[in-house]
Amino acid sequence: MRAIFERELDSLMNGLTGYVYGALMLLFGGIYVMAYHLEGSIDFTYVLFSMTFIFLIGIPLLTMRSVAEERHQKTDQLLYSLPLSMTRIVLGKYLALALVMAIPGLILGLYPLVVNALAESGAIPLKSAYGALIGFLFLGMALTAIGLFISSLMDNVGLAAGACFMVMLLLYFWTPLTGYISDSPAASLIAFGAAAAVFGIILWRLTRNGGFALVFTAVLEAALGVCFALWRTRFGGLFAEVVGKLAVFDRFDSFSYDIFDLRSIVYYISVTAVFLFLTVQSMERRRWAA
Amino acid sequence: MIQVSHLTKRYGDRTAVEDLTFTAESGLVYGFLGPNGAGKTTTMNILTGCLAATAGQVTIDGFDIFDQPAQAKARVGYLPEQPPLYTGMTVREYLSFVARAKGVKVAALDQDLERVMTVTGVTDVAERLIRNLSKGYRQRVGIAQALLGDPSVIILDEPTVGLDPLQIVEIRELIRSLGKDRTVILSSHILSEVQAVCDRVLMIHRGRLVASGTPAELESQFAGKITYRVTVKAGPLEVREALETVPGVGEILTRPDDAGRCALEVSVTDPAGDMDEKLSFALSDKRIPVLRLEREQASLEDVFLALTKDAGEQPESGKKKRRWRGGRRHESDL
């Protein structure tokens with residue numbers, strides 16, 4: 001795992017990727033710090049809140065190559081033939097990406113100290129600033145895991161970057177979008193039913209076992225029907241609620257309101273774990289297909 | 001040692017490998033021979049754990065590649081069809097990465113690197129970026145990578161593709177020396193290569209093992225009739241008289257020319273007998289000067305062509321055509 005980690009780090013730092021990402025984050029970090037603090041704001045969390053937008057470009061840039069490039073160059077064959085479990089390989093890659101993602105964030109952490117040292121009046125409250133920075137880094141970690149997963153689905157770096165950017169954009173505007181979901185119980189049922197059908201199709205494509213996927217989807221739909229009959233009122237707004245849970249970026253909001261929300265940290269760790277698991281599965285799937 | 005039993009791989013409804021069973025012993029070089037698309041690469045990918053099989057079992061030194069992948073893979077070195085090189089690294093960096101990923105101990109790392117770089121002849125380019133290397137050197141780095149960690153089984157998918165003739169000779173020598181105390185499996189669609197390098201040949205056609213054995217065994221097994229091509233300075237009748245009484249001689253075709261010579265094609269029914277000697281003695285007893293005498297036998301190429309023709313076809317029917325193809329093997333010239 002250490003060898004994989006070091007190689008990934010090496011490729012990030014020897015190529016331009018790591019530096020471009022770092023420059024991007026630090027440049028915009030600097031611009032935001034300057035802009036906010038010249039205006040007299042003493043709230044560093046504003047800077048970080050604005051910086052989450054830069055992840056939309058930063059994360060695809062950072063993660064696009066991670067697996068897609070290996071697949072394109074056929075170096076992934078080496079990974080498959082190594083006496084290492086896929087979990088370790090994915091973890092090694094992820095840790096390198098997470099480290100490169102975190103370094104500019106840590107440098108950003110110096111800015112409040114610099115501002116406080118230079119400020120003539122009104123110091124930045126460091127506790128909330130660093131609390132928010134921790135939240136910011138955990139958000140970055142979760143997004144990096146999502147980016148890694150998207151890269152593992154592609155064998156074209158450009159496509160991986162594009163798809164990752166799209167997903168990041170969608171997640172960024174997730175909450176306003178989920179606002180359009182109808183609150184009626186029937187709409188929830190239909191939406192869940194459609195989601196189950198999509199899941200069935202994915203299952204069919206993955207396993208190439210039409211019968212199994214069909215039966216599984218039918219059972220899922222039937223269970224939905226039964227639940228709906230029993231707890232009809234509970235269905236009101238349920239779909240919007242469930243989908244709302246995926247609002248990765250919005251979890252950061254509480255940090256910018258000066259609340260250190262441990263639940264959000266746990267949430268980010270969970271998202272990271274789920275997407276790393278999915279990445280391992282997507283890599284393992286290649287072993288079964290072609 | 002590598003044991004493969006009833007290995008099958010299907011892609012949807014296309015069968016790439018079907019019921020493949022063989023054992024590869026240590027100390028021998030095995031050659032997978034088959035036309036493009038025969039299932040060589042698929043088989044090799046399964047043997048190295050890069051691809052999962054639909055059915056069947058692969059064990060390496062007793063470790064199952066699917067159930068105990070870490071132990072099994074640690075004993076295999078693999079050069080895929082396209083060498084998996086990180087082109088942004090130098091040769092030394094790359095090999096050091098592979099060695100560490102394979103779990104080579106830090107203390108033994110430098111020694112192992114030097115060893116594989118020396119045997120593959122890449123020491124001179126150790127500090128160069130892989131992207132700046134020629135195809136031949138890249139292939140060698142790919143082989144070097146497979147040798148790291150001193151695996152007991154080495155699997156090479158078309159190891160000499162893209163190399164110049166001198167490099168091919170070097171790599172073949174390297175493969176032969178590796179095969180002395182290891183199991184080496186290589187794939188190729190080049191017959192002369194397999195003939196030159198391999199102790200055992202596994203012929204694969206449409207995912208099935210159609211023949212296996214030493215190159216000589218395969219040749220004799222599929223040889224059918226052995227024919228002698230003889231040119232003598234005598235008339236056709238004279239020669240027939242001399243040869244017809246020799247035991248083991250079958251049909252004799254004669255083709256006299258204007259200069260008093262006669263070209264013969266002598267079919268032999270008893271391939272084991274010392275027909276070279278019997279024929280030449282029979283002719284010399286009659287004081288017939290022999291200008292040429294050569295034994296003609298099915299070569300590995302003939303076997304290959306016969307087996308990879310359509311499976312339904314009788315081996316006999318391809319024979320007349322086969323006789324006139326190139327690549328004949330002459331065992332004795334007089």
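A:K74 is partly exposed, with 15 other C-beta atoms within 10 Å. A residue is called buried if 20 or more other C-beta atoms lie within 10 Å of its own, exposed if 12 or fewer, and partly exposed in between, with C-beta atoms placed from the backbone. A:K74 has a positive phi of about 65 degrees although it is not a glycine. It sits in the loop between α5 (65–73) and α6 (76–81) of chain A. Helices (H or I, at least four residues) and strands (E, at least two) are DSSP runs, numbered from the N terminus.

This is a predicted model, in which local features need pLDDT of at least 70 and side-chain atom pairs count only at pLDDT 80 or more, while totals for chains, interfaces and linings use all residues. Residues are numbered from 1 along each chain as its sequence is written, and chains are lettered from A and ligands numbered from 1 in the order in which they are written.

Chain B also holds a residue other than glycine with a positive phi: B:R287, near 55 degrees. Its place is the loop between α10 (275–285) and β14 (290–297) of chain B. B:R287 counts as exposed because it has 9 C-beta neighbours inside 10 Å.

Chain A is divided into domain 1 (2–175 + 246–288) and domain 2 (185–236); such bounds come from an automatic or database domain assignment. The centres of these two domains of chain A, taken over C-alpha atoms, are separated by 33 Å.

Two helices of chain A are set out below. The expected span of a helix is 1.5 Å times one less than its number of residues.

| Helix | Residues | Expected span | End C-alpha atoms apart |
|---|---|---|---|
| α9 of chain A | 126–153 (28 residues) | 40 Å | 41 Å |
| α13 of chain A | 210–230 (21 residues) | 30 Å | 30 Å |

In α9(A), 21 of the 28 residues are buried, so this helix is largely enclosed by the rest of the structure. In α13(A), the number buried is 0 of 21 residues, so that helix lies largely in the open.

The loop between α13 and α14 (238–244) of chain A holds A:F235. A:F235 counts as buried, with 20 C-beta neighbours inside 10 Å. Leaving aside neighbours within four places in sequence, A:F235 is in contact with A:P185, A:S188, A:L189 and A:F228. Contact here means that the C-beta atoms of two residues, placed from the backbone, lie within 7 Å. A:F235 and A:S188 are 47 residues apart in sequence, and their C-alpha atoms are 6.1 Å apart in space.

The contact between the chains takes 19 residues from chain A and 23 residues from chain B. On the side of chain A that touches chain B, the elements giving two or more residues are α1 (2–14), α6 and α16 (262–288) of chain A. Of these, α1(A) gives the most, with 5 residues. By class, this side of chain A has 9 nonpolar, 6 polar and 4 charged residues. Ala, Val, Leu, Ile, Met, Phe, Trp, Tyr, Cys and Pro count as nonpolar, Asp, Glu, Lys and Arg as charged, and the others, Gly among them, as polar.

Chain B is divided into domain 1 (2–214) and domain 2 (221–330). Their contact takes 10 residues from domain 1 of chain B and 7 residues from domain 2 of chain B. On the domain 1 side, α7 (191–197), β9 (200–205) and β10 (208–213) of chain B give two or more residues. That side has 7 nonpolar, 3 polar and no charged residues.
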